Amino acid sequence: MKNVSKTALVHALNLLVRKGMIAVFTDQNTNECIYKYNDPGTSEKLKGPQNLMEEKSAPSIQAPVVPGSVSTRAPKRRADKMNRMIKFIVIELKKHPQGTSQEALEAKMKNVSKTALVHALNLLVRKGMIAVFTDQNTNECIYKYNDPGTSEKLKGLTRDQRLIYAIVESVGREGVWTRHLKTRAKIQHGNVFQKSIKALVDRKLIKSFKSVQSKCKKFYILENLEPAAHHIGGIWYDANLEFDHEFVEVLTQQCFKLITERGYVSLEDVRLWIQESGISKVAVGDDDVRKLLDTLIFDGQVETFKNPHRAGEIAYKPTRIVLPPNGITLTPCGICPVFDICGPEGVITPSKCVYMNEWLNF
């Protein structure tokens, strides 16, 4: 199936597992996901109670029990054991939003046989409570808990819309470029792709954004997420994704003023001052402050040194103190870089000094 994307294949396999037409288990030697066809007759025999997990938050199996009947005790014990197993699996998967492998579950459930664990996992997949996919690096079966709210949101979506949503969900805060999204979804007709995108946007499942790195490209991300920092440029860019020179200039000047007044400061001192002064309407992090201080260092206004009061901490101080001019500093000798080797004789002497002659003539 070379012409079919991995996402579409996994979606189809999950659908067959939920229908009970196939079963999935892990090969003990290779740790690969193995899918096996379920004979219709066998599937009919293995059908469990119809009311399994009606409440997804607390799944339970209600086996019919006649009071005083000895023959019903064994099925009830098996049902209770299955319930406990299912609850434990759901709790474990909720702890790992990115999913966990069957091997990890087996390590947590040492008293449960592999057959029983696989049976419970297949039940959860068929009920739509969990999804199974293959890890691209290890080829292991990864099981992931399906949030009930998300499952409800996706009701009524077409296959193409579900596929696009799955791709957008997989990239997280990085987002996916429209062209790459269309390529990965392998939707041939442009109209179908655009209608699917519009349907997902209208239902507030995904949203578009532009990146400061590629302003002409449109990216898509889940509605409840914000783009990664390298896309929005942090606090230095305005709503139009333009670099805010005025804002940066004001912050830089105020940081230098603070350092000059206090003599020296730490990075944390600057960050707290910006936060408390209200000079910035947006939250400023340590990395943002470090960039401001680096700018002052590159401009030759600030230098770093080891904080004498806090071991291992770097502090910032003004590079030099600018004194008001006086009679000495106004003469060439007052600011001469070779003043110490200047004398009445030799290569460097006042009589041969070009700057002194120009100053005297002036």
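Two residues are in contact when heavy atoms of theirs lie within 4.5 Å. The structure treated in these exercises is a predicted model.

**Exercise 1. A residue in helix α11**

Task: Find where T252 lies, decide whether T252 is buried or exposed, and list its contacts beyond its neighbours within four places in sequence.

Solution: Begin with the position of the residue, which is helix α11, spanning residues 245-262. Next, take the relative accessibility of T252, which is 10%; since buried means under 20%, T252 counts as buried. Finally, once the neighbours within four places in sequence are set aside, T252 is in contact with L292, T295 and L296.

**Exercise 2. The chain as a whole**

Task: Describe how many helices and strands the chain has, what share of its residues is buried, and what its exposed area consists of.

Solution: The chain has 14 helices and 11 strands. Of its 362 residues, 33% count as buried. The exposed area of the chain is about 23800 Å², and 54% of that area is supplied by carbon and sulfur atoms. As a last step, consider the contacts with a separation of 6 or more: residues 24 or more positions apart account for 48% of them.

**Exercise 3. The largest nonpolar core**

Task: Name the residues of the largest nonpolar core that touch the most other members, and say which elements each supply at least two residues.

Solution: In soluble globular proteins, nonpolar side chains tend to be buried together. In this model the largest nonpolar core holds 24 residues, and those touching the most other members are I89, L121, L124, I130 and Y143. At least two residues of this core come from each of the helices α1 (6-18), α3 (73-95) and α5 (114-126), and likewise from each of the strands β1 (22-26), β4 (130-134) and β5 (141-145). To look at one member in detail, take L121, which touches I89, Q102, L105, I130 and Y143 when residues up to four places away in sequence are not counted.

**Exercise 4. Salt bridges**

Task: State how many salt bridges the structure holds, and then work through the pairs D286 with R271, D287 with R290, and K317 with E303.

Solution: Side chains of opposite charge can pair when their charged atoms come close. The structure holds six salt bridges, and three of them can be followed in turn.

- In the pair D286 and R271, the closest N and O atoms are 3.2 Å apart. D286 belongs to helix α13 (residues 286-298) and R271 to helix α12 (residues 267-277), so this salt bridge ties together parts that are 15 residues apart in sequence. D286 is partly exposed at 35% relative accessibility, whereas R271, at 18%, counts as buried. E268 also enters the picture, as E268, R271 and D286 are linked in a network of salt bridges.
- In the pair D287 and R290, the closest N and O atoms are 3.0 Å apart. Both residues lie in helix α13, three residues apart, which is about one turn of the helix. D287 counts as exposed at 53% relative accessibility, while R290, at 36%, counts as partly exposed.
- In the pair K317 and E303, the closest N and O atoms are 3.7 Å apart. This pair links distant parts of the chain, with K317 in strand β11 and E303 in strand β10 (residues 302-306), 14 residues apart. K317 is partly exposed, with a relative accessible area of 29%, and E303 is partly exposed at 29% relative accessibility.

**Exercise 5. A sheet of three strands**

Task: Give the order of the strands in the sheet that contains β9, β10 and β11, and explain why β9 and β10 are edge strands.

Solution: The three strands form an open sheet in the order β9-β11-β10, with antiparallel pairing. β9 (265-266) and β10 each have a single partner strand, so one side of each is left without a neighbour in the sheet, and these two stand at the edges. Between β9 and β11 there are two bridges, and S266 has A315 in β11 as its bridge partner.

**Exercise 6. Exposed residues in loops**

Task: Locate I341 and K204, and say what is notable about the surroundings of I341 and the backbone of K204.

Solution: I341 is found in the loop between β11 (314-318) and α14 (354-361). I341 counts as exposed because its relative accessibility is 60%, and exposed means over 50%. Together with V338, V347 and I348, I341 makes a nonpolar surface patch of about 370 Å². K204 is placed in the loop between α9 (190-202) and β7 (206-210), and K204 is also exposed, at 59% relative accessibility. Although K204 is not a glycine, its phi is positive, at about 55°.

Methods:
Residues numbered from 1 in each chain as written. Predicted model: local features only at pLDDT ≥ 70, side-chain atom pairs only at ≥ 80, totals over all residues. Heavy atoms only, no water. Patch = residues over 30% accessible without salt bridge, like charges linked within 9 Å, V, L, I, M, F, W, Y side chains within 5 Å. Areas by Shrake-Rupley, 256 points an atom, 1.4 Å probe, with all protein chains shown as cover. Salt bridge = Lys/Arg side-chain N within 4 Å of Asp/Glu carboxyl O. Buried < 20%, exposed > 50% of the residue type's maximum accessible area, 1.4 Å probe, protein only. Pairing = 2+ DSSP bridges. Core = buried A, V, L, I, M, F, W, Y, C linked by side-chain atoms within 4.5 Å.
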